[in-house]
Structure formats: C-alpha cells, structure tokens
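Colleague: Before I trust the labels on this one, I'd like to hear the reasoning behind them. Can we go through it together?

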Amino acid sequence: TAAHLVIKEKFKEVTIKFYPLSEIDYLIKLEEFKSTNGGVYHSHTAAHLVIKDGVYIGDLKNFFTVAIKEYGIDDITIASRGTFGRQSKEDTTKIIQEDENKKFVYLDFLDGSDERKSHSTIFGRVIIELFTDLCPIACQNFITLCNGIKSPDGTKLFYGNCPIHRLVKNGWLQCGDVIDGSGSHNSVAVPLPNNQKYIQDESFTVDFGFPLGGIVGLSNQGPHTNGSQFFITLGPCDW
C-alpha cells in the first residue's frame, strides 16, 4: 500500500508486516489474542487488527492516527478503508484459489420479506469452507445443491431461493428445505449406496463450540438422517 512504501522510505528502521488471513482463521487468531492478552482485545470487532511493537493499537482508524502523529505521514488517507477492504478481498480470494486441498462454496443471503420482494436487500455473501476430508459425501451433496440438479422425478433440488425456516437467537439459523422451505423435507442430491434414503453420519470431530459461531453442520432427525437441511451457528453450540 501507499502507507507501506512511504514509511519504509522515510523510516528505514520501521517494518510493517501484513498477515492476510481467511475470515475464519482471522477470527480464530483474534480469539487467541483475547484469551492470551484479554483487556482491549475483548472489545475489538473490526476486520483488521493493528499491533505495534507488541502493543494493541486497534483498527485502521487508529493505524492512520499513529501514522500521522508519530511518523508525519499526512497523505495516509490515501490508504483508505476502501483500499484495505479491497486488498482484504483480493487476499481472501487468493487464499481460496491457492489452497488446492480445500473446497469452498458460497451462499448469498437477502431479505425475502413480502414488502421487499420487488427490491430485495442483500445481506451479504457467506463463503463456506467444506470439510471434504472428514465428510466427503455430505460435502458433495452440499456442492451439488449449491449448483442445482434435477431429481429423477423432475424436481429441481437447489439452494437458490431457499428460505431460512428457523432462527434461534445466539444459537443458529436453519435452512435447506429445497422442496417448499417449510423445514419438513431433507433431500439428497447425490447417489447413495444400498438404496439409502439419507446420508449417514460421517464424522463427529468438528468443533461447534467456536465462540463467534460460523460453523456449518447438517440438520437431521436422528442418526444417519442427513440431507439438504443445514444450520450455521451464531455462537458457541458445543452442547
């Protein structure tokens, strides 16, 4: 960035290091800082974390303040939040593209309430890393439903326009009934052995207790009844 180049030229003893991380890796690292250092880290919610000589500085606004007051870089505003935001997206995309051992999908969430159907508000895009090594069949089913496929009877199985049918505050949101969105159906979009109706449980090693949530799992009605329905945790669900 502009700030990086100016500081290194004017102050040879100053080194700025940028550590691009995927969102989940960043959140995990932030939790580690909170656990180890406590204090101001507990109130940090920004997508960037600035530390100077081992001391917490804060977010980009605080970084700009330090650059201006301590190093006299008056044009620091060139390196705006937008610039860093774009760089973060580019770094995230690079991380995803370069990791051949992981698969990612995305879901766009928007406001589907009746009064907004003519002009839906986009809440945002959620990029999901799949545990293909732990749950290969479930992950392939998820990928297939993200892309969309027709079942043998002609029904389209697709997550597009699929509503969130259950929302538990500080718990989870539940989605994935690709038939009518009621939460009564749990469809499978990949072939299964032995005429199985649902996907069997493949792993119980994923930790759903992450404090900030964001972990995806399949919703079922008992052992080995997994299909299209899934949940995303909104907080720790380690029970």
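Modeller: Let's start with terms: two strands pair if DSSP finds at least two bridges between them, and strands are DSSP runs (E, at least two residues) numbered from the N terminus. This is a predicted model, where local features need pLDDT of at least 70, side-chain atom pairs count only at pLDDT 80 or more, and totals for chains, interfaces and linings use all residues. Residues are numbered from 1 along each chain as its sequence is written, and side-chain values use heavy atoms, leaving out hydrogens and water.

Colleague: Fine. What is the order of the open sheet of four strands?

Modeller: It goes β7-β8-β10-β9, with antiparallel pairing.

Colleague: Why do β7 and β9 stand at the edges?

Modeller: Each has a single partner strand, so one side of β7 (164-168) and one side of β9 (216-218) have no neighbour in the sheet.

Colleague: What makes β9 and β10 a pair?

Modeller: Three bridges join β9 to β10 (residues 230-233), and the rule asks for at least two. In one of them, V216 partners I232.

Colleague: Why is there no bond between the sulfurs of C162 and C175?

Modeller: A disulfide needs the two cysteine sulfur atoms within 2.5 Å. The C162 sulfur is 4.0 Å from its closest cysteine sulfur, in C175, so that is too far. The count is zero disulfides.

Colleague: And why is I199 called buried?

Modeller: Buried means under 20% relative accessible area (exposed is over 50%, partly exposed in between; 1.4 Å probe, protein chains only). I199 has 1%, so it counts as buried. C162, at 15%, is buried too.
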